[in-house]
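Open your viewer and get ready to click through a few stops with me. At each one, I'll suggest what to select and tell you what is there.

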Amino acid sequence: MVKMAANGEKQQGHRPGVYKQKNKGHKHGKHRTKGEIERENKGRVSVTALTKKQRKEQKKMDRRNKANQLRRNKKDMVLTEKRRLGSRDGPPHLVAVVSLHAGVDAGAITKLLRGEGAGGVVHQDRCISGISDSFGLILPRFKQRFTFLSQSTADMHSLLDVAKIADSLVFVLDSTEGWDSYGDYCLSCLFAQGLPSHALVCQGVSDLAVKKRVDSRRALSKITEIRFPDARLFPLDSDQDATLLLRHLGTQRQRKLGFRSRRSHLLAQHVTFTPNSSTEGTGGGPTGLGTLCVSGYIRGRPLQVDRLVHISGHGDFQLTQIDAPADPLPLNLTTARPAKLGKGGDVDMHDGGEDETPVRVLMKADPSRRETLHAEAEVDPMDGEQTWPTESELLEAEEARKSKRVMKVPKGTSDYQATWIVDEDEGEEDGELDEESSDDDDDDMLDEAMDGDDEDINSQEPGSGCASEEEEEEEEEVCSTERTGADQRYDEHLDEAAEEEGLKRYREARANEMFPDEVDTPLDMAARIRFQRYRGLKSFRSSPWDPMENLPLNYSRIFQFQSFERTRHRILAEAAAEEEGAMVGWYVTLHINDVPFSVMESVQSGKPLTLVSLLPHEQKMSVMHLLVRRHPSNTEPIKSKEELVFHCGFRRFRASPIFSQHTSADKHKMERFLRPDAPTVVSVYAPITFNPSGVLLFKQRNDGIQDLVATGSLLSCDPQRVVLKRIVLSGHPFKINRRSAVVRYMFFNRDDIMWFKPVELRTKWGRRGHIKEALGTHGHMKCVFDNQLPSQDTVLMNLYKRVYPPWTYDPYVPSSLPWVKREGIVEMDDLDME
C-alpha cells in the first residue's frame, strides 16, 4: 500500500528481505493421521510398495525364523551325537578310571564294573593293546557298549594323552580326604588341558555306621565342590551302585573339547609292526623303520587316508591304506555289522592278522594327493643374489657417487681407482663391527656384571673388623661340630650345584625386579661397539619398526600365512563339511608308513598309543605365540630362552621360548623372566597348530621330575610379531644448573657420547632431555632437560633391538617321574641380596 507523505509525495512500502521470519501454518486438523490411515485400510497393503517400517518388520521375522532353525538343527545334532556314542553306529564309550589318592585302588572300581551284577557282557581279550587293566563291556539292557581302562597317574604324559581322547573320566576319591597333593597336581594339569565329561566315585562309605554316612558324604562334598561345583558324588560299594554309575556315564552330557572335536583321533586297540624289507636285509631289524598297523575306533571327524597322522610323543607319519576288519565289540552279540565302504573304496581281500575273517580295504593313499612330511622350507643360498642392477638402483648409485665425500688420493688416480681406496678410520670401524656382529645375546654380559656387583658388595660389607670375622668363623666351626645326625642325612641329598644355580637365578630375578632392564656400560669396550645392534626410539608406541628388516637365517626355513585367521577359518570350515573317508564309529586298521621301532617298544611297555589326523599345514614349522599365565604352585624364576616342555593340543615337544608382554600394539617388549602377576606371550619355533588348543608348560628338573610352570592357550601364528629387547643405560647427575646438568658414569669416552647423542634421555622422576655436548674425554656430558633435576634423580637412556627365539625344537620328550611336593621353597621377597 502506498501512503501519502506530509509534503504530498508518495512513500514506498516495506519489502521483506531474505531473512524474514516465516512461521509454520496453523494445523487446522483436516489432515489424516497414520493411525486413521491404518484403520481405514484395515491392514490392506499395496503389493507394489512397502513402507520402510514394514520391510524392517519382515526382515526381523526372517531373522527370528532363521535363528530358530539354527537352534533346532544344533539341538538335533547334539542329540544325535549323544545317542550315537556307545550305540551301534558310534564308537564305544571310552571311560578312563583315574585314582586321585594314593590310598585308593582303581582296580577295585573296574572289577566291580565288570561284575555280573551290572548285567553286561565283558570282553577281556578284546582290550586295548599294551594296557592290561582294560576291557570292553556290552550292556544289552541299555543298548550301549563301553571300553574301560585304568590309567595310572605316575606317567603324566600317558595320563594327558588318555584324557585328550577319553569320552568320560571317572575320578576315584578317598572317602575322608578326597585327593592328596599329587592328585591335586594332576587335576591342575587336566583342567588346564581341557577336562572332558567326568564322574566322582568313592568307596568305603557303606562300611561306616549309618549315622556317620551322611556326615562323611557332606564333608567329602564340601571338599570336592572347590574343584567340581556341579559334580555328583557316586558311592561304589555294590552292584546296584555300579549299575547307577554306568547309566549315568551313558546318559550324561558330553563336554566339547575344541582341539579334538575338529580332528579325527583314535586310541590304538591292536598294534602290529612289520619291518621294511630294506632294513631286514641289512640287519636293521628292530632299530630300522617299518609299517605300523593300528586298529581302533575313529572318533571326532571322518578320517582321510591322504592326511598325515600324528602319533603323540613320536612324530608325524603318512598313511598308505585303511582297512575295515570285523568289529571286535559288536552291540549285536550274534553278528557283527560290517563297515560300509567310503568313496573310492577297494574290495581286495587279505588276511588282517587279528581274526580269521578276511578284512576289506576301504581306501588307499594317492601319491599325487597325499600330503608331504616337509616341515621346513627349502633354503636356496643363491635366492638373494642379484644378477643385474635395475634402473632405479643405477640412478641411486649415480646419486651416491655424486654426493660422496672428498678423499685425498695420489695424483693421477682415476675416479674408478679412487673408489677402491678405503679410508683408515672407516676400515677400522668396519672391522670392529664385523668382529662383534655375531654377539647377539647380552645374558653373558649381564651375568658378569651381576657377579662383579656381588663381589663388590661382599667385599664392601660393613662389619666390626677382623675380630668380628674371626668370631663368626669360630661360631660357624662350633655349630658344624654340634650337628645332629638328621642334619647330616639332610645334607647328603642336597645338590650344591643346583642350590648355587637357584640362588644365582633368584638374585637375577630380584635385580631385574628392582632395576628393570638396567645394564652397566662396560669399561673395557666401547659402548657403540657393545650395543651396536641397539637403537633408540622416540616413542615405543608410535615409532615405526619394519618387521621385515634384518631377519635371521632361520626365517628362511619357516612358513607364514598372508592372513592366519582367514586361513584358519577356511580350513576349519572345510574340515567341518567333510563327509569323505572313514566315518566316525568305524573300526578300522591304519597302515602307517616308515615308523621307527621305538613306537612299538612304547606300546609293549604298557603306554597307550593315540593318533590324531592333522589338518592341512599342521606339519610345517613357523613362529607360534602362546598366551600363558604362570601357575600358582610354581615360585621359581623362569628365565627367557630356558628349555621347557610344551603340551600344545595333541603335540608335546621341547623348545627354548622367549617371553613378551601381551598388548595390542605393533611392538611388544620382551620380558627377561616369566611374570607371576600378568599374562605373558610365549614365542617359539614349533609346528603350526590351529586354535583353539590348550597349552601346558613344564620345566624338567635335574632329577627327571617335570614341574608345571604355566598354563594357557594358543594365541596365533605370526612370524612378523615384533618383540623388542630393551636395555637401560643409567648415569648420575654430577653438577646441576637449573635445566642443564653434567652427567657421568653413563659413558666413559667422548666417541660414545657423540654416537648416542641423538637418543632421548629420561629420568626416574619423569624428566625428559637430550645430550647437548661432551665434556672432556672421560665420559662427562652436558645434558638439557625440560625441568630442573633433583639431586637424587637418575638419568636413563632406553635402547632397543629385535630378538627372536632360538631354534631348539625337539619332538622327543623324556618320560616324567612322579611329582613330589617340594618343601622349603625360598620366596623371592625373603631373599637377601647381599
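Start by selecting Arg675, which counts as partly exposed at 32% relative accessibility. Keep in mind that you are looking at a predicted model. Now add Asp677 to the selection: Arg675 forms a salt bridge with Asp677, and their closest N and O atoms are 3.2 Å apart. Asp677 is exposed, with a relative accessible area of 52%. What brings two such side chains together? Side chains of opposite charge can pair when their charged atoms come close.

**More salt bridges**

How many salt bridges does the structure hold? There are 25 salt bridges, and two further pairs make good stops.

Select Asp184 and Arg227. These two form a salt bridge as well, with the closest N and O atoms 3.1 Å apart. Asp184 sits in helix H5 (residues 181-193), while Arg227 is in the loop between helix H6 (210-224) and strand S9 (233-235), so the pair ties together parts that are 43 residues apart in sequence. Asp184 is partly exposed, at 29% relative accessibility. Arg227 is also partly exposed, with a relative accessible area of 22%.

Next, select Arg263 and Glu618, whose side chains meet in a salt bridge at 2.7 Å, N to O. Arg263 is in the loop between helix H8 (258-261) and strand S10 (265-267), and Glu618 is in the loop between strand S19 (610-613) and strand S20 (621-630), so this pair ties together parts 355 residues apart in sequence. Are these two buried or exposed? Arg263 counts as buried at 6% relative accessibility, and Glu618 is buried with a relative accessible area of 2%.

To see a network of salt bridges, select Asp161, Lys164 and Arg652, which are linked in one.

**A strand under cover**

Arg652 leads us to the next stop. Select strand S22 (residues 651-655): five of its five residues are buried, so the strand is largely enclosed by the rest of the structure. In a regular strand the side chains alternate between the two faces of the sheet. Here both faces are covered, with Arg651, Phe653 and Ala655 buried on one side and Arg652 and Arg654 buried on the other.

Now add strand S21 (residues 644-648), which runs antiparallel to S22 and is joined to it by five bridges. Which residue of S22 is the bridge partner of Leu644? It is Ala655. The two strands form a hairpin with two residues between them, and Gly649 in the turn has a positive phi of about 65°.

**Another strand, and a patch**

Select Ser99, in strand S3 (residues 93-99). Ser99 is buried, with a relative accessible area of 17%. Leaving aside neighbours within four places in sequence, Ser99 is in contact with Val104, Ala106, Thr153 and Val172.

For the surface, select Leu523, Tyr745 and Phe748: they form a nonpolar patch with about 340 Å² of accessible area together. Phe748 lies in the loop between strand S29 (740-744) and helix H20 (750-755), and at 31% relative accessibility it counts as partly exposed.

**Zoom out**

Finally, show the whole chain. You will find 20 helices and 33 strands. Of its 834 residues, 42% are buried. The accessible surface of the chain comes to about 48,400 Å², and 50% of that belongs to carbon and sulfur atoms. Among contacts with a separation of 6 or more, 78% are between residues 24 or more positions apart.

Key:
Residues are numbered from 1 along each chain as its sequence is written. This is a predicted model: local features need pLDDT of at least 70, side-chain atom pairs count only at pLDDT 80 or more; totals for chains, interfaces and linings use all residues. Side-chain values use heavy atoms; hydrogens and water are left out. Helices (H or I, at least four residues) and strands (E, at least two) are DSSP runs, numbered from the N terminus. Buried means under 20% relative accessible area, exposed over 50%, partly exposed in between (1.4 Å probe, protein chains only). Contact means heavy atoms within 4.5 Å. Patches are made of residues with over 30% relative accessible area and no salt bridge: like charges are joined within 9 Å, nonpolar side chains (Val, Leu, Ile, Met, Phe, Trp, Tyr) within 5 Å. Accessible areas come from the Shrake-Rupley method with a 1.4 Å probe; for residues, only the protein chains shown count as cover. A salt bridge is a side-chain nitrogen of Lys or Arg within 4 Å of a carboxyl oxygen of Asp or Glu. Two strands pair if DSSP finds at least two bridges between them.
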